[in-house]
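Hello,

I am passing on the structure we talked about, and below it you will find an account of what turned up in it. Please keep the structure open beside the text while you read.

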Amino acid sequence: MVWRNAIVLYAALTVLTGIVYPLVVTGIADVVFPHEAKGSLITSSRKVIGSEQIGQQFSDPRYFWGRPSATSPAYDGAASSGSNLGPNHPDLAKAVQERVAALRAADPWNAAAVPIDLVTASGSGLDPDVSPAGALYQAGRVARARGITEKTVRALIVRSTEGRTFGILGEPHVNVLKLNLALDLIQHPRPAEE
Amino acid sequence: MTPNAWIQIGLYVAVLLLSAKPLGAYMARVFENRPLGPMNVLRPLERLLYRIAGIDPEREMGWKAYAGAMLVFSAVGLVFVYALQRLQHVLPFNPDHLGPVSPDSSFNTSISFVTNTNWQGYGGETTMSYLSQMAALTVQNFVSAAAGIAMLIALIRGFARRSASTIGNFWSDMVRSTLYILLPLSIVLAIVLVSQGVVQTFAGHVTVTPLDPSAGQATQTLALGPAASQIAIKQLGTNGGGFFNVNSAHPFENATPLSNFLQVLSILLIAGALCYTFGRMVGDTRQGWAILAAMTVILIGFLIVAVTSEQAGNPALRRLGVDDAPSALQAGGNMEGKETRFGIINSALWASTTTAASNGSVNAMHDSFTPLGGLAAMLLLQLGEVVFGGVGSGLYGMLLLVIIAVFLAGLMVGRTPEYLGKKLDAYDMKMASLGILVMPLVVLVGTAVAVSTAAGRATIFNPGTHGFSEVLYAFSSAGNNNGSAFAGLGANNPFYNTALGLVMFAARFWIAIPVLALAGSLARKKHVPPSAGTLPTHGVTFVTLLIGVVLLVAALTFVPALALGPIAEHLTALR
């Protein structure tokens, strides 16, 4: 008897919580927040160029660069991963040293210390943001590569910075993909195709 | 700690404590079967479930029948979750054509989700079809949490009832937990999470064309899925199993600081409120507040250690010309494995709450925490998941320690220990001790076996003491039904899938059965009115004693092992 109770109840609760519940949530989400439910995708000239939530790999000096990503290849949206390097793993210090050197080589005029988030891998490998400090550090390089004033670039960073929610929650951050799209817009819209 | 750290933590604790009374009082009504206002619309659904399953919800059960029903229900779940994973390639809702999950991984995952652990040896987006995520894993998120709440309610009835032979009906306790508590909260939370950017769709992967072609990637593939519905219950039910590999660090699983706040609140919400439910059902709410106070004090202590250590950063990196000072422009600190939008404070807050509760979801990689930050998380596991703990299981674990504390106090003054008007005899003490000793046994023996065998050492990722920490953390997590990890350890292999599977099984059921036996024993007892010599269990003195017992039991058991892991690593790094 107890087995019959258990099996039938389990099956019924599977239908309720495993099928009906996700379908109801999907149905409501589809109506109320369709853009967010489907991945907050950004479309530009009828091409889907990314998601507001997911970072991308940048290497062109005219673009801001995001954080190091531990996925392989970087920013693999199909298989998220952190580095899991412990704080005293020798590979961590080595990787950070190389990243500092690479940032300095790309911007030899900049003597400032490198903001920590630019040289440490994010938890997801898909972090869409850098800190405002991380963006400001790159302002000089981006301005020179684009032939515009650093003041323009800094102003754009300030405009693109999202502060703490309600002034309290989380940390100030700058969405790198959206910042780069805004950069392309203020100049004569020049897609980076060469 | 920065001023903002105090504000964020203060806000969190305030909202958590303010929710305890309304939600706790509502849950007491659910289990006392009283009218539930608007939620009464679900009554016909409840009756329908009983009718098709042939259940009489009014039929009271003794503790053995109650435990039997719980075990049979869990066994059905184990078989079902295992079978669904093995057969997912021939079942629907698999748009990305994922193959069957391996036998050892399926074994591990089915135990993991049935025991409310949600340890994940696999990467969600690359392993599980949408059907497996929903009909196997999401279902267990509900019913394993509901079973935990049911067992707690049975224990509370043991305290509340007098000269009774029964402790309630498992089926109705479980169904009511699911229908009236977990399901409505989950629907609301899931929708709010979607508004923040958490995905909820049945479409498969989407391929996009990234902005910068010179970065060498012509396309980027984004995994999607019905994530929000699963994440809502994963937090509320202290399950913790992520939809994606990196859990709530993934932007599609936890998109904004607000989604983060709501998720981290949900981790402790029900467990905290159940303290009030307990007080209400035993007829003295001060008893519930006392336990909630002890839990909160311990949590805040560990939180401060975690935030301070992570904010202090990693000295090994500071030498390399980086700026890790917290400022208005950056979170600073130890950012390896952390997300920019959450920074240090929210990552450390999450790490502390997820390990205090038996949740185990993460929004940052614990393996990359500083030695002391990682120690805070690991020791919170080793306290036995009683600081809030899992929904239901946390409070019944804490009540075992309350009994130990009352016993110790009784020894000091030479009186028979009593709690809530029940005299505690040798049988009760045996059950409480059993419930407390099983966990250290499986954790320490498991760790010892793993580090002494080649199979256990083969997949350690970090060298030296940190590698030992990875293994100790894995067994502490499994042995407390938590599910978080120092994830560098390669755990998706036959050795760890089997060993951790067995540990999770023991940790859930070898504790649940003594708890129900205790409930049966307590229910049979008469009520003894308090006398001049009765120890009050609601004042500052008792709260302090309880905190002492919780910390002491864990410290005596685990400090030697911790000395070989995070403590050694911390001291080495200081050199």
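A:Thr43 has A:Val48 as its bridge partner in strand E2 of chain A, and in this predicted model that pair belongs to a larger arrangement, in which strand E1 (residues 41-44) and strand E2 (residues 47-51) of chain A run antiparallel and are joined by 4 bridges. The two strands form a hairpin with 2 residues between them, and A:Ser45 takes a positive phi there, near 40°. As background for that sign, most residues other than glycine have a negative phi, and most peptide bonds are trans.

With this in mind, please look next at the loop between E2 and helix H3 (90-106) of chain A, where A:Pro73 is found. The peptide bond from A:Ser72 to A:Pro73 is cis, with omega near -5°. A:Tyr75 is found in the loop between E2 and H3 as well, and although A:Tyr75 is not a glycine, its phi is positive, at about 55°. A:Tyr75 counts as buried because its relative accessible area is 2%, under the 20% cut-off.

Chain B offers a similar case to look at: B:Asn247, which is placed in the loop between H8 and H9 of chain B, is not a glycine and yet has a positive phi of about 60°. Is B:Asn247 buried or exposed? Its relative accessibility is 5%, so B:Asn247 counts as buried.

Now to the way the two chains meet. In all, 116 residues of chain B are in contact with 106 residues of chain A, and the two chains bury about 8,800 Å² between them, with 67% of that area on carbon and sulfur atoms. B:Leu211, B:Glu336 and B:Thr340 together supply 9% of the area that chain B buries against chain A, which is more than any other three residues. Which kinds of contact are found across this interface? The rule finds 0 salt bridges there, whereas it finds 44 residue pairs in polar contact, counting pairs in which both residues are at pLDDT 80 or more. On the side of chain B that touches chain A, helix H7 (residues 170-196) of chain B gives the largest share, with 13 residues, and the residues of that side divide into 69 nonpolar, 37 polar and 10 charged.

The chains also share a strand pairing, since strand E3 (residues 114-115) of chain A and strand E3 (residues 322-323) of chain B pair in the parallel sense over 2 bridges, with A:Val114 standing opposite B:Val322. Elsewhere, A:Ile19 in helix H1 (residues 2-32) of chain A is in contact with A:Thr14, B:Leu131 and B:Ala135, once its neighbours within four places in sequence are left aside. A:Ile19 is partly exposed, because its relative accessible area is 26%, which lies between the 20% and 50% cut-offs.

Two residues of chain B make a useful contrast to finish with. B:Gln230, found in helix H8 (residues 227-236) of chain B, is buried, with a relative accessible area of 1%, and among the residues that B:Gln230 touches beyond four places in sequence are B:Gln133, B:Asn141 and B:Phe243. B:Gly283, in the loop between helix H9 (257-281) and helix H10 (285-312) of chain B, is exposed, with a relative accessible area of 66%. The C-alpha atoms of B:Gly283 and B:Leu420 are separated by 9.4 Å, while the two residues are 137 residues apart along the chain.

With best wishes

Key: Residues are numbered from 1 along each chain as its sequence is written. Chains are lettered from A and ligands numbered from 1 in the order in which they are written. This is a predicted model: local features need pLDDT of at least 70, side-chain atom pairs count only at pLDDT 80 or more; totals for chains, interfaces and linings use all residues. Side-chain values use heavy atoms; hydrogens and water are left out. Two strands pair if DSSP finds at least two bridges between them. Contact means heavy atoms within 4.5 Å. Buried area is the accessible area (1.4 Å probe) that two parts lose on being put together, summed over both. A salt bridge is a side-chain nitrogen of Lys or Arg within 4 Å of a carboxyl oxygen of Asp or Glu. A polar contact is a pair of N or O atoms within 3.5 Å; within protein, one must be able to donate a hydrogen and the other to accept it, and residues adjacent in sequence count only if both atoms are side-chain atoms. Ala, Val, Leu, Ile, Met, Phe, Trp, Tyr, Cys and Pro count as nonpolar, Asp, Glu, Lys and Arg as charged, and the others, Gly among them, as polar. Buried means under 20% relative accessible area, exposed over 50%, partly exposed in between (1.4 Å probe, protein chains only).
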